[in-house]
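Hi everyone, thanks for making time for this. I'd like to walk you through one structure, so have a look at it while I talk.

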Amino acid sequence: MKRSALAVAVSVLALAPAACAADEPRTRPTSAVRADAVVAQDLDSPWSIAFYGATPLVSERDSARVLELDAAGTPREVAVIDDVEPSGEGGLLGIAVHEDFLYTYFTADDENRVQRFPIAGDAGALTLGEPETLIDDIPAASNHNGGRIAFGPDGMLYVTTGDAGEAENAQDSSSLSGKILRLTPDGAVPDDNPFPGSPVYSFGHRNPQGIAWADDGTMYASEFGQDTWDELNVVEPGRNYGWPDVEGVADRSGFVDPIQQWSPSEASPSGIAVVGDDILIANLRGESLRRVPRNGRDTSTETFTDLGRLRDVVVAPNGEVWVVTNNTDGRGDPADGDDRIMRAR
């Protein structure tokens, strides 16, 4: 999508004034939502979207359902993922599609786990085969589970993990928490990973929940801070992103500083996408979609400020920008029809 197309896209849903402070009560009338921009509605804590060809697949955190959407946005249950134990921020989180497999990241009884399932059938009648566990024993907790998975331009599977409430583990290279992991599609450790024999690609993360790549291969990640700074980072192999020793820009040797930072009350960034020369970031507490120019990293603008909490942003196969609301996750203020997936044309 070209920059001009993106400008049209992000203006479609800028329907109301900027969001109130995150802790103030909100009233969001359903009438503020443009019917022609609704992809799907009445979803239960949706978390991630992936596309099997042109068919959108959606994960629901608490129900553990994987849904497929038809052309009218009507959801159909493809499967309920076994062993998911939703609690707090845990549950069925990120999903990704590679070839004829659906990849899932979810919280089980005492761990986070990545599994893949063969996909069979045609749109409207998709099914999932038996699961194969690619990696498990990722520390889990009621919060800070990370959970975003995506395939990079190198064909490798990238997995974000949170510190699971044990901050010091983010600096421990032998722990899988507080990391971004890199695996082959079948779950093996790539030979060119920065730490031989380890899935760890980068470390020193608190709770990264968004990863995306620009056309030139630059990898970006969004990360929840604690009390001071949320972050947008450029991720490079083997680098240390500071948590818990530093939060935000610290200018300390050995740590990589973020390219932008925001107060958690203004951001709490989850899913991200790169569209042309712009990085789009879905914000939960900030209740907006933030646009960061790749060539103007000291600036950003906000739109989609009338939809409440935003969990994910993706680019559909036809080039549309879709955003996923997250007002039914126990921390939002759901309006009639929430949660929704909204399109920008």
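Let's start with a small puzzle: does A64 count as buried or exposed? A64 counts as buried, because its relative accessibility is 5% and the cut-off for buried is under 20%. Before I go on, please keep in mind that this is a predicted model.

So where is A64? You'll find A64 in the loop between β3, residues 55-60, and β4, residues 65-69. A64 also has a positive phi of about 65°, although it is not a glycine.

There's another residue with that kind of backbone angle, and that's E99. E99 isn't a glycine, yet its phi is positive, about 55°. Look for E99 in the loop between β6 and β7, the latter being residues 101-107. And is E99 buried or exposed? At 62% relative accessibility, E99 counts as exposed; the cut-off there is over 50%.

While we're on the backbone, let me show you two cis peptide bonds. One runs from W243 to P244, with omega near 0°. P244 sits in the loop between β17, residues 230-235, and β18, residues 260-262. The other cis bond joins D338 and D339, and here omega is about -5°. D339 belongs to the loop between β24, residues 321-325, and β25, residues 341-344.

Okay, on to the charged side chains. How many salt bridges does the count come to? The count is 20, and I'll pick out just a few. Take D83 and R113: their side chains meet in a salt bridge, at 3.4 Å from N to O. D83 lies in the loop between β5 (75-80) and β6 (92-98), while R113 is in strand β8, residues 112-120, so this pair ties together parts that are 30 residues apart in sequence.

R113 has another partner as well. R113 forms a salt bridge with E111, where the closest N and O atoms are 2.7 Å apart. R113 and E111 are both buried; for R113 the relative accessible area is 13%.

Now find R116 and E132. Their side chains form a salt bridge too, at 2.9 Å from N to O. Why does this pair tie together parts that are 16 residues apart in sequence? Because R116 lies in strand β8 and E132 in strand β10, residues 132-138. The two ends differ in how they're covered: R116 is buried, with a relative accessible area of 12%, whereas E132 is partly exposed, at 36%. And there's a network to point out: E60, R65 and E77 are joined into one by salt bridges that share partners.

Next up, a sheet. Four strands form an open sheet in the order β15-β16-β17-β18, and the pairing is antiparallel. β15 and β18 are the edge strands, each pairing on one side only. If you ignore direction, neighbouring strands in this sheet are turned by 20° against each other on average. Zoom in on β17 and β18, which run antiparallel and are joined by 3 bridges. What is the bridge partner of E231 in β18? The partner is Q261.

Hold on to E231, because we meet it again in the lining of the largest cavity. The count gives 1 cavity of 30 Å³ or more, and the largest cavity has a volume of about 50 Å³. Its lining also includes W243, from the cis bond I showed you, along with residues such as G204, R206 and Y241. Sorted by type, the lining divides into 5 nonpolar, 2 polar and 4 charged residues.

Last stop, the largest pocket. About 670 Å³ of space lies in it. The pocket is lined by 27 residues, and A150, F151, I211, V314 and V315 lie nearest its centre. Several strands give two or more residues to this lining, among them β2 (46-52), β11 (149-151) and β23 (310-315). Which strand gives the largest share? That's β15, with 5 residues, and you've already met β15 as an edge strand of our sheet. The pocket lining divides into 20 nonpolar, 5 polar and 2 charged residues.

That's my tour, thanks for listening.

Conventions
Residues numbered from 1 in each chain as written. Predicted model: local features only at pLDDT ≥ 70, side-chain atom pairs only at ≥ 80, totals over all residues. Heavy atoms only, no water. Salt bridge = Lys/Arg side-chain N within 4 Å of Asp/Glu carboxyl O. Buried < 20%, exposed > 50% of the residue type's maximum accessible area, 1.4 Å probe, protein only. 1 Å grid on protein atoms, 1.4 Å probe; cavity = no way out; pocket = protein on both sides within 12 Å on 5 of 7 lines; lining within 4 Å. Points joined across faces, edges and corners; volume = space filled by probe spheres on them. Nonpolar A, V, L, I, M, F, W, Y, C, P; charged D, E, K, R; others polar. Pairing = 2+ DSSP bridges. Axes fitted to C-alpha atoms, helices over the stretch in contact; angles between N-to-C directions.
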